[in-house]
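Reader: Hi, I'm new to this. Can you walk me through the structure in front of us?
Author: Sure, ask away.

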Amino acid sequence: MKVIVVGAGIAGLSTAWSLVKRGHAVTLLEQGTIPNPLAASGDHHRIIRRAYGAATGYGRAITEAYAAWDELWGDLGAVHHDPRGFLCVSREAGDEAEEYREGLEAGGYPFELLDAAETVRRWPFLEAETIRYGFFSTEGGALHCRRIAAGMAGWLRAHGADVRENAKVAGVDAVAGAVTLADGERLAADRVVVTAGAWVLKLFPQLAADLVTWRTAVVYLDPPAELKPAWETAPVILDVGGRIDGYIIPPSGGAGLKFGTGLHKMPSADADWNRVAVPGEGEAIRDRFAPPFGRLSEYGIKEVVTCAYTFTEDERFFGTEIGRALVVSACSGHGYKFGAAVGRRVADAIEDGDTDRLKRWLRAES
Ligand SMILES: Cc1cc2nc3c(=O)[nH]c(=O)nc-3n(C[C@H](O)[C@H](O)[C@H](O)COP(=O)(O)OP(=O)(O)OC[C@H]3O[C@@H](n4cnc5c(N)ncnc54)[C@H](O)[C@@H]3O)c2cc1C
C-alpha cells in the first residue's frame, strides 16, 4: 500500500517505521526539521513510567509501550532510554502522587514506599517537613526524544521511505487520499495518516470539538553545586505532590535538569502563537516548585523551551477516520511514552481497517 504520513513527531515517525517494516511505500512529510524543536516530540527528553491512576487502563498499556520501544531499539541498534526509575512525592492526602501510588497498588506493580526522612536522605534537594512520603519504582526513566527522532529518520531513509523535511502540508483531500504541499505539489496515496500534533486543527478544523490545543513551557535549570551529585543520580520525578502538577527530568542523555508544571499551560488556538519564551517565564515555572524543593532561587535558568500540544476533554488519546485519512492525536500531555506502540497500532489499523479497535486502544479501553 502507498501511505502518506503527515507530521514527523513520535507518532508519525513510528507509524512510518511500522508501515515500512511491513513492506508499505511510505512518504513522511514534516513541516520543519526532524526533530522539530517546536513540536511536542522535539524536546530533549520525556518521561516513561508505569504509574497511572487505577481506573485509566494506561498503566496496563505500559507493558506494550516498553515492548514496542524494545523492538525499535533493536532496529536502530541503539537504546535511547535511560532506565533510572521514577519517584513520586505526596504532599497532601489525595494528591496526584497518591493516585499514582493507588494505581500501582491496584495493578500489583512493585514500588518502594519511603517516609519523608528517608526520601530526603536519598534525595536531599527535597525538604522533609513539606512532604508526607515518597515512593520509588524502577519501571520508569527518560526517553531521549531528539536522538530517537534522528535515529528513526535515518532508519526510514535507509529502508526506502521518502522522508521530506521542510515539507509543509497545506491541505488534505481526505476523499481522494491526497495532500497538497505549501509549494503547490500534490501527492496521492491509498491512505493518509495525519499525526500533526498541535497543528492538526489547521488541517481539520472540525476536530476542534474533540481536541483543544495548549501552549506551555518547561525550564532547564542549573542547580547549586552541592546538589548536583544528587540530581545526577536522581530518578525522574513524575509528580512532586500537592496541586503543582509538577514533574522533573534530571540530567540525562546529554540534556539538562528540566522542570515542568501543568499549571503553566494556557489554551492557544494557534500552535505557532507565542513560541518565544517571555522574560521571567523560567523563574515563574521554577518558583512553583517551592515547596517541596528548597533553595530554588539558587537554581540558575539555563533555557526555557515552549511547547504546543493537544488535549481531549478526558485526557485520553484520539483517533478518527475521515475518508481515506486517519487522524491520530495520542497526546493529552502524556503520549510520548506510547509513541512506538502507537505507530504499530496505527499500522495495524491501516492494514486491517479496524479503526474502532484502534480508537479503543488509544483510549486504553482494551
Ligand atoms: C511540556 C510537555 C511535557 C510532556 N511530557 C511528557 C512526558 O513526560 N511523557 C510523555 O509520555 N509525554 C509527554 N508529553 C506529551 C508528548 O510530548 C506528546 O504526547 C507527543 O510528543 C506527541 O507526539 P505527536 O507525534 O503526536 O505530535 P508532535 O510531536 O507535535 O508532532 C507533530 C509533527 O507534525 C508536524 N506537522 C504539523 N502540521 C504539519 C503539516 N501541515 N505538514 C507537515 N508537518 C506538520 C509538526 O511539525 C510536528 O513535527 C509532554 C508534552 C509536553 C508539551
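**Strands, ligand and domains**

Author: Start with one pair: Thr-180 stands opposite Arg-186 in strand 12. Two strands pair if DSSP finds at least two bridges between them. Helices (H or I, at least four residues) and strands (E, at least two) are DSSP runs, numbered from the N terminus.

Reader: Is this an experiment or a model, and what are the ground rules?
Author: This is a predicted model, where local features need pLDDT of at least 70, side-chain atom pairs count only at pLDDT 80 or more, and totals for chains, interfaces and linings use all residues. Residues are numbered from 1 along each chain as its sequence is written, and side-chain values use heavy atoms, with hydrogens and water left out.

Reader: Back to strand 12. How many bridges join strand 11 to it?
Author: There are 3, and the two strands run antiparallel. Strand 12 covers residues 186-188. The two form a hairpin with 4 residues between them. Gly-184 in that turn has a positive phi of about 100°.

Reader: What about strand 10 and strand 11, parallel or antiparallel?
Author: Antiparallel, with 4 bridges. Strand 10 is residues 169-173 and strand 11 is residues 178-181. Val-169 stands opposite Leu-181. This is a hairpin too, with 4 residues between the strands. Gly-177 in the turn has a positive phi of about 75°.

Reader: Does Val-169 do anything else? What lies 2.9 Å from its backbone N or O atom?
Author: A nitrogen atom of the ligand. That fits the cut-off for a polar contact: a pair of N or O atoms within 3.5 Å. Within protein, one must be able to donate a hydrogen and the other to accept it, and residues adjacent in sequence count only if both atoms are side-chain atoms. A polar backbone atom of Gly-333 is 3.2 Å from a nitrogen atom of the ligand. A backbone N or O atom of Lys-337 lies 2.8 Å from an oxygen atom of the ligand.

Reader: How much of the ligand does the protein bury?
Author: 96% of the 1,000 Å² that the ligand exposes when taken alone. Those areas come from the Shrake-Rupley method with a 1.4 Å probe; for residues, only the protein chains shown count as cover.

Reader: Which residues come nearest to the ligand?
Author: Glu-30, Ser-41, Ile-47, Cys-307 and Lys-337, out of 35 around it. Near means that a heavy atom of the residue lies within 4 Å.

Reader: And how do the shell residues divide?
Author: Into 20 nonpolar, 11 polar and 4 charged. Ala, Val, Leu, Ile, Met, Phe, Trp, Tyr, Cys and Pro count as nonpolar, Asp, Glu, Lys and Arg as charged, and the others, Gly among them, as polar.

Reader: Where does the ligand lie relative to the domains?
Author: Between domain 1 and domain 2, because both give residues to the shell. Domain 1 is 2-76 + 144-211 + 313-362, and domain 2 is 86-137 + 213-311. The bounds come from an automatic or database domain assignment.

Reader: How far apart are their C-alpha centres?
Author: 27 Å. The contact (heavy atoms within 4.5 Å) takes 32 residues from domain 1 and 35 residues from domain 2.

Reader: New topic. Which peptide bonds are cis?
Author: A cis bond joins Ala-290 and Pro-291, with omega about -20°. Another cis bond joins Pro-291 and Pro-292, with omega about 15°. Pro-291 is in the loop between helix 8 (281-287) and strand 19.
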